[in-house]
Amino acid sequence: FTVVTKLLGRLYATKRTHSVFDVVGWHGNYAPYKYDLRRFHAVNTVSVDHPDPSIFTVLTVPTNEPGVAAADFVIFPPRWLCAEGTFRPPYFHRNCMSEFMGLIDGVYDAKKGGKGGFEPGGCSYHGAGTPHGPDAAAVASASQADTSRPTKFDGGLAFMFETSALLRLTPFAADPSNGMLDTDYGACWEGLPRLFSSAGVANGSNGK
C-alpha cells in the first residue's frame with residue numbers, strides 16, 4: 001500500500017505492508033473514513049430550482065464567522081426535478097467562495113459538452129468572483145424542457161469542494177503541455193443566445 005500525504009504544498013509517499021484501515025483503533029484528531037456517496041439523502045425544492053448548493057452538503061468545516069465555511073464538501077446525486085416554470089439546472093452566478101468541482105461518473109446536468117467537454121475524471125475550478133454557469137448545450141436543452149412534468153436526473157454523480165479561501169493551481173495543473181488542461185474551456189459559453197437587449201433599458205421598458 002502507498003500512503004500519500006501533503007505538507008506545505010508538497011506530496012510525500014511511503015510504502016506500507018498493510019492498509020491504513022487495518023488497525024484496532026485510532027487516537028488523535030484525524031481518522032480515515034470511507035463513505036458511500038450513493039447513500040446520501042438528497043434534499044431538493046418543490047418550488048423554485050435551482051436551490052443553493054448548500055442543500056447538498058455532505059461535510060462542512062465551519063469558521064468563527066457565522067455562515068462562512070472554511071470548506072464544504074458537496075455532491076450532486078441522482079434526484080427528482082419537479083419545479084414548474086423555471087430553469088432547472090444551476091443558474092449563472094458569481095460566488096464569494098472558490099469552487100473546485102469534479103465528475104465521478106456519467107454526466108453533469110449543467111455541462112452537456114460530451115467528449116472533450118466535462119467527462120468523468122475531469123474537474124473545473126472557478127475562483128471567488130469568477131462568473132460561471134451551464135454551457136450553451138445545457139441552456140438550450142433546459143430552456144425548451146417541459147417543466148410541467150417531473151423528471152429524474154440519474155445520469156451521473158458530481159462533487160464539489162467549496163471554500164472561502166483562494167486556491168492556487170500547482171505548476172503542473174496550469175501547464176498546457178501536460179495534455180490534461182482544457183485551454184478552450186471558455187468556449188462552452190460562446191453559443192449562448194443574447195436574450196435581453198440593453199436598448200429597452202435606456203427607453204424605460206422592460207428590455208424585451
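A pocket is an open set of grid points with protein on both sides within 12 Å along at least five of seven lines. With that term in hand, the tour may begin. Please note that the model on the screen is predicted.

**The whole chain**

Display the entire chain as a cartoon. There are 2 helices and 9 strands to find. Followed from the N terminus on, the elements run β-β-β-β-β-β-β-α-β-β-α. Switch to the C-alpha trace, which spans about 70 × 40 × 40 Å along its principal axes. Of the 208 residues in the chain, 27% are buried.

**The start of the chain**

Select T2, which belongs to strand β1 (residues 2-7). T2 counts as partly exposed because its relative accessible area is 45%, and the partly exposed class lies between 20% and 50%. Now add H41 to the selection. The two residues are 39 residues apart in sequence, and the distance from C-alpha to C-alpha is 32 Å.

**The largest pocket**

Next, select C123, S124, Y125, M180 and L181. Among the 27 residues that line the largest pocket, these lie nearest its centre. The space in this pocket comes to about 960 Å³. Which strand gives the largest share of the lining? Strand β7 (residues 123-126) does, with 3 residues. Colour the lining by class to see 12 nonpolar, 9 polar and 6 charged residues.

**The second largest pocket**

Move on to the second largest pocket, which holds about 400 Å³ of space. Select P53, H93, E99, H132 and M160, the residues closest to its centre out of the 25 that line this pocket. Two or more lining residues come from each of the elements β4 (69-76), β6 (98-106), β7 and β9 (156-163). Coloured by class, this lining shows 12 nonpolar, 7 polar and 6 charged residues.

**A nonpolar patch on the surface**

Show the molecular surface and select V20, F21, V23 and W26. Together they make a nonpolar surface patch of about 380 Å². Within this patch, V23 sits in the loop between β2 (10-15) and β3 (57-62). Why can V23 count towards a patch? Patches are made of residues with over 30% relative accessible area and no salt bridge; V23, at 40%, is therefore above that cut-off, and it is classed as partly exposed.

**Two salt bridges**

Finally, display side chains as sticks. The count of salt bridges comes to 2.

Begin with D36 and R38, whose side chains meet in a salt bridge of 3.0 Å, N to O. Is R38 buried or exposed? R38 is exposed, because its relative accessible area is 73%, and the exposed class begins over 50%. Its partner D36 is partly exposed, with a relative accessible area of 31%.

Then select D109 and R79, which form a salt bridge of 3.1 Å, N to O. This pair links distant parts of the chain: D109 lies in the loop between β6 and β7, R79 lies in strand β5 (residues 79-81), and they are 30 residues apart. Both partners fall under the 20% cut-off for buried residues. D109 is therefore buried, at a relative accessible area of 8%, and R79 is buried as well, at 5% relative accessibility.

Definitions and conventions:
Residues numbered from 1 in each chain as written. Predicted model: local features only at pLDDT ≥ 70, side-chain atom pairs only at ≥ 80, totals over all residues. Heavy atoms only, no water. 1 Å grid on protein atoms, 1.4 Å probe; cavity = no way out; pocket = protein on both sides within 12 Å on 5 of 7 lines; lining within 4 Å. Points joined across faces, edges and corners; volume = space filled by probe spheres on them. Helix = DSSP H or I, 4+ residues; strand = E, 2+ residues; numbered from the N terminus. Nonpolar A, V, L, I, M, F, W, Y, C, P; charged D, E, K, R; others polar. Patch = residues over 30% accessible without salt bridge, like charges linked within 9 Å, V, L, I, M, F, W, Y side chains within 5 Å. Areas by Shrake-Rupley, 256 points an atom, 1.4 Å probe, with all protein chains shown as cover. Salt bridge = Lys/Arg side-chain N within 4 Å of Asp/Glu carboxyl O. Buried < 20%, exposed > 50% of the residue type's maximum accessible area, 1.4 Å probe, protein only.
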